[in-house]
Amino acid sequence: MEKTVSETSYRVTIPGLLRAKGRPRLGNGRTYTDAKTAQAEKHIQRHAIEQIGKPCLMGPLCVSLQISIEPPSSWSRRKRFQALAGQILPVSRPDIDNQMKTAADALNGIMWKDDAQIVDAHLTRRYGPQSMTVIEVQPL
């Protein structure tokens with residue numbers, strides 16, 4: 001039986017704003033991840049396991065990361081409308097590549113064996129009605 005795309009692709013929705021990967025910390029002669037980044041990774045892991053289990057894919061992978069950011073409540077109604085319509089784009093921190101790094105590291109051993117397997121990555125960040133991240137993975 002031939003597999004369809006839906007049988008080989010996985011989709012995980014992570015509520016809330018995706019935190020950027022923090023700088024490695026040094027202490028007692030070793031390197032470690034800061035507490036806020038570790039907490040963000042656990043949040044991603046929990047939602048991924050609840051939604052798809054632990055498929056731990058092997059081989060090359062294509063990953064799509066779609067980040068949705070809720071516009072600040074301090075913005076006027078007009079500016080919020082423009083942001084939701086795509087007329088204003090989120091060009092502030094955190095950097096999208098650091099957000100990707102948080103998600104990729106968090107899903108090691110869950111979605112894939114190692115994030116080095118990612119050979120194609122598609123990243124988008126837009127304003128949306130609520131903050132969340134959708135991660136789609138497809139083996140190549």
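**Exercise 1. How many helices and how many strands does the protein have?**

Keep in mind that we're working on a predicted model. Start by counting elements: you should get four helices and six strands. Next, walk along the sequence and write down their order, which gives α-β-β-β-α-β-α-α-β-β. Then look at the overall extent: along its principal axes, the C-alpha trace spans about 55 × 50 × 25 Å. Finish with the contacts: among those between residues at least 6 apart in sequence, 82% join residues at least 24 apart.

**Exercise 2. Find the salt bridge of Glu-136 and say which parts of the chain the pair links.**

Begin with the partner. Glu-136 pairs with Arg-11, and their closest N and O atoms are 3.4 Å apart; the cut-off for a salt bridge is 4 Å. Now place both residues: Glu-136 is in strand β6 (residues 132–139) and Arg-11 in strand β1 (residues 10–15). That puts them 125 residues apart, so to speak at distant parts of the chain. Last step, accessibility: Glu-136 comes out at 28%, so it counts as partly exposed.

**Exercise 3. Which elements hold Lys-21 and Glu-41, and is Glu-41 buried or exposed?**

First, the pairing itself: the two side chains, Lys-21 and Glu-41, form a salt bridge at 2.6 Å, N to O. Lys-21 sits in the loop between β1 and β2 (25–27), while Glu-41 belongs to helix α2 (residues 35–52), so this bridge ties together parts 20 residues apart in sequence. For the second half, check the relative accessible area of Glu-41: 12%, so Glu-41 is buried. The cut-off here is under 20%.

**Exercise 4. Work out how Lys-101 and Asp-105 are placed in their helix, then find the network they join.**

Step one: their side chains meet in a salt bridge, 3.2 Å from N to O. Step two: both lie in helix α4 (residues 96–106), and because they are four residues apart, about one helical turn separates them. Step three, compare accessibility: Lys-101 is partly exposed at 37%, whereas Asp-105 is buried at 17%. Step four, follow the shared partners: salt bridges join Lys-21, Glu-41, Lys-101, Asp-105 and Asp-115 into one network. For the full tally, a search of the whole structure finds six salt bridges.

**Exercise 5. What share of the residues is buried, and how far apart are the mean positions of the charges?**

Take burial first: of the 140 residues, 34% count as buried. Now the surface: the accessible area is about 8800 Å², and 51% of it belongs to carbon and sulfur atoms. Finally, the charges: there are 20 positive and 13 negative ones, and their mean positions lie 10 Å apart.

Notes:
Residues numbered from 1 in each chain as written. Predicted model: local features only at pLDDT ≥ 70, side-chain atom pairs only at ≥ 80, totals over all residues. Heavy atoms only, no water. Helix = DSSP H or I, 4+ residues; strand = E, 2+ residues; numbered from the N terminus. Buried < 20%, exposed > 50% of the residue type's maximum accessible area, 1.4 Å probe, protein only. Contact = heavy atoms within 4.5 Å. Areas by Shrake-Rupley, 256 points an atom, 1.4 Å probe, with all protein chains shown as cover. Lys, Arg positive; Asp, Glu negative; His and termini not counted. Charge placed at Lys NZ, Arg CZ, Asp CG, Glu CD.
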